[in-house]
Amino acid sequence: AGGVVPCRVEPAMAHWPPPLAVPPGLDEEDAPDAFLCPITQTLMRTPALVTSTGRTFERSAFEQWIRERGTDPLDTSTG
């Protein structure tokens, strides 16, 4: 209960939009919290929405987290 359901999408089948254009002068200190990845605390340029939780992460950071840990980054019940 509450675990991460594995989902594998073959890279050739995945469709990602291009990275977001970040306005000049916008940095981590000035950006709204919703623009920051909860894992890296940096501006998200390729955000990925986790539909089961409604949370958004930087795609590469989320993929690495799942590969290494296999859990939801914000799930505190496994720590």
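# A hairpin, a helix and a small set of buried side chains

Strands β1 and β2 form a hairpin in which four residues lie between the two strands, and G54 in the turn has a positive phi of about 80°. Helices (H or I, at least four residues) and strands (E, at least two) are DSSP runs, numbered from the N terminus. This is a predicted model, where local features need pLDDT of at least 70 and side-chain atom pairs count only at pLDDT 80 or more, while totals for chains, interfaces and linings use all residues. Residues are numbered from 1 along each chain as its sequence is written, and side-chain values use heavy atoms, with hydrogens and water left out.

The protein has one helix and two strands. Along the sequence, these elements follow the pattern β-β-α. Strand β1 covers residues 47-50, strand β2 covers residues 55-58, and helix α1 covers residues 59-69.

How do the two strands pair? β1 and β2 run in the antiparallel sense and are joined over four bridges; two strands pair if DSSP finds at least two bridges between them. Among the bridge partners, V50 is matched with R55 in β2, and L49 is matched with T56 in β2.

The side chains of β1 can be sorted by the face to which they point. In a regular strand the side chains alternate between the two faces of the sheet. In β1, A48 and V50 point to one face and are buried, while P47 and L49 point to the other face and are not buried. Buried means under 20% relative accessible area, exposed means over 50%, and partly exposed is in between (1.4 Å probe, protein chains only).

R55 has its place in strand β2. With a relative accessible area of 39%, R55 is partly exposed. Leaving aside neighbours within four places in sequence, R55 is in contact with P38, A48, L49, V50 and L74; contact means heavy atoms within 4.5 Å. One of these residues, L74, is 19 residues from R55 in sequence, and their C-alpha atoms are 8.9 Å apart in space.

Which residues make up the largest nonpolar core? This core has six residues in all: C37, M44, V50, F57, A61 and F62. A nonpolar core is a set of buried Ala, Val, Leu, Ile, Met, Phe, Trp, Tyr and Cys residues joined through side-chain atoms within 4.5 Å. V50 touches R55, F57 and F62, not counting residues up to four places away in sequence.

A61, another member of the core, is in helix α1. A61 counts as buried because its relative accessibility is 11%. Apart from neighbours within four places in sequence, A61 is in contact with C37, I39 and T40. A61 and P47 are 14 residues apart along the chain, and their C-alpha atoms are separated by 9.7 Å.

The structure holds one aromatic pair. F57 and F62 form this pair, which is stacked, with 5.1 Å centre to centre and 25° between the planes. Rings of Phe, Tyr and Trp (its six-membered ring) pair if their centres lie within 6.5 Å; planes under 30 degrees apart count as stacked, over 60 as edge-to-face and the rest as tilted. Both F57 and F62 are buried.

A ring is also involved in a second arrangement, in which the charged end of R69 sits over the ring of W65, 3.9 Å from its centre. A charge sits over a ring if NZ of Lys or CZ of Arg is within 6 Å of the ring centre and within 35 degrees of the ring normal.

Two residues are found in the segment before β1. Q41 lies there and has a positive phi near 60°, in a residue other than glycine. Most residues other than glycine have a negative phi, and most peptide bonds are trans. Q41 counts as partly exposed because its relative accessibility is 47%. A21 also lies in the segment before β1, and A21 is exposed, with a relative accessible area of 76%. A21 and T46 are 25 residues apart in sequence and 9.7 Å apart in space, C-alpha to C-alpha.

For the protein as a whole, buried residues make up 18% of the 79 residues.
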